Amino acid sequence: MPAIVAENISKTFRLGRVDVPVLRGASVEVAEGEWLAILGSSGSGKSTLLHLMGGLDRPDRGSGSITYFDDRPLDRMPVRTLDAFRNKTVGFVFQFYHLLPELSVVENVLLGAMIGRGRLGYAAARRSMVERAEGLLDGLGLADRRRARPITLSGGERQRVAVARALINDPPVILADEPTGNLDRANGDSLLESFSALHGDGRTLIMVTHDDAVAARADRVVSMYDGRLSAGSGR
């Protein structure tokens, strides 16, 4: 059974008086536990599709649907339901990290747990969640950086913090947007090894990239061009 189905997705942005179509009927199915790479050049629409698949945005009205685990399409979920679903089901890893500079590393990792539980719920679960956050950081080689501020970290360290943050609620799906785009080859390879471990744990992983070598690590690669997806190929 597919974990995620995106069917006939279109997305147009309005820039001033001009409509700019970015996705033009993109469709893809992702199997549960699969590692899918979406390969494409800048401007091809791959990041837009990933954001839609994660519920960060909605497709054009009437253009199609994105469905998880044979449940209701994301675009039909009320906002609060979608927020809760996204918090528990999807972990995001972004190219530019999006860490809050005023928070420590461990506090950044804990954000998803705080948001998902609310103030009282998080207070009751705080000890176990801090232990989980610290365990994730330890597993990613950041045991000695827990109390550091993001500004003091290297690019590779920041991206590993972003991975830990994505995992704090133990989501079954990980969406990664150009995760190696700001890393040198050594740090990029290290991050991909972490993704391989997540994939080995049974998580569904969708990664967009412009790098053929990075895409080759996935189970299957689909190419995006002019807002549409190819059928793809597997290893």
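## Pockets and cavities, one question at a time

Visitor: Which elements each supply at least two residues of the lining of the largest pocket?
Guide: Bear in mind that this is a predicted model. The pocket holds about 510 Å³ of space, and 21 residues line it. Those that each give at least two residues are α2 (79-89), β5 (90-93), α3 (105-139) and α4 (155-167).

Visitor: From which element does the largest share of that pocket's lining come?
Guide: Asn87, Phe92, Gly112, Ile115 and Arg165 lie nearest the centre of the largest pocket. By class, its lining divides into eleven nonpolar, six polar and four charged residues. The largest share, five residues, comes from α2.

Visitor: What is the bridge partner of valine 90 in β6?
Guide: Let's start with β5, where Val90 and Phe92 point one way and Gly91 and Val93 the other way, with all of them buried. β5 pairs with strand β6 (residues 173-177) in the parallel sense, over four bridges. In β6, the partner of valine 90 is valine 173.

Visitor: How many charged residues are in the lining of the second largest pocket?
Guide: About 170 Å³ of space lies in this pocket. Its lining is Arg58, Pro59, Asp60, Arg61, Gly62, Ser63, Gly64 and Asp75. Sorted by class, these are one nonpolar, three polar and, to answer you, four charged.

Visitor: How many of the residues of helix α1 are buried?
Guide: Helix α1 spans residues 46-53 and is mostly covered. Its buried residues are Lys46, Thr48, Leu49, Leu50, Leu52 and Met53. Of the eight residues in α1, the buried ones number six.

Visitor: What is the volume of the largest cavity?
Guide: Searching the whole structure turns up two cavities of 30 Å³ or more. The largest cavity is lined by Leu52, Gly55, Asp57, Arg58, Pro59, Ile66, Leu74, Asp75 and Leu82. Among these, Leu52 is a buried residue of α1, and glycine 55, just after α1, takes a positive phi of about 75°. The lining has five nonpolar, one polar and three charged residues, and the volume is about 50 Å³.

Visitor: Which elements give two or more residues to the lining of the second largest cavity?
Guide: This cavity has a volume of about 30 Å³, with a lining of two nonpolar, four polar and one charged residues. The residues are Gly156, Gln159, Arg160, Leu183, Asn187, Ser190 and Leu191. The elements you are after are α4 and α5 (185-200).

Methods
Residues are numbered from 1 along each chain as its sequence is written. This is a predicted model: local features need pLDDT of at least 70, side-chain atom pairs count only at pLDDT 80 or more; totals for chains, interfaces and linings use all residues. Side-chain values use heavy atoms; hydrogens and water are left out. On a 1 Å grid over the protein atoms alone, a cavity is a set of points where a 1.4 Å probe fits but cannot get out, and a pocket is an open set with protein on both sides within 12 Å along at least five of seven lines; lining residues have an atom within 4 Å of a point. Grid points are joined across faces, edges and corners, and a volume is the space filled by probe spheres set on the points. Ala, Val, Leu, Ile, Met, Phe, Trp, Tyr, Cys and Pro count as nonpolar, Asp, Glu, Lys and Arg as charged, and the others, Gly among them, as polar. Buried means under 20% relative accessible area, exposed over 50%, partly exposed in between (1.4 Å probe, protein chains only). Two strands pair if DSSP finds at least two bridges between them.
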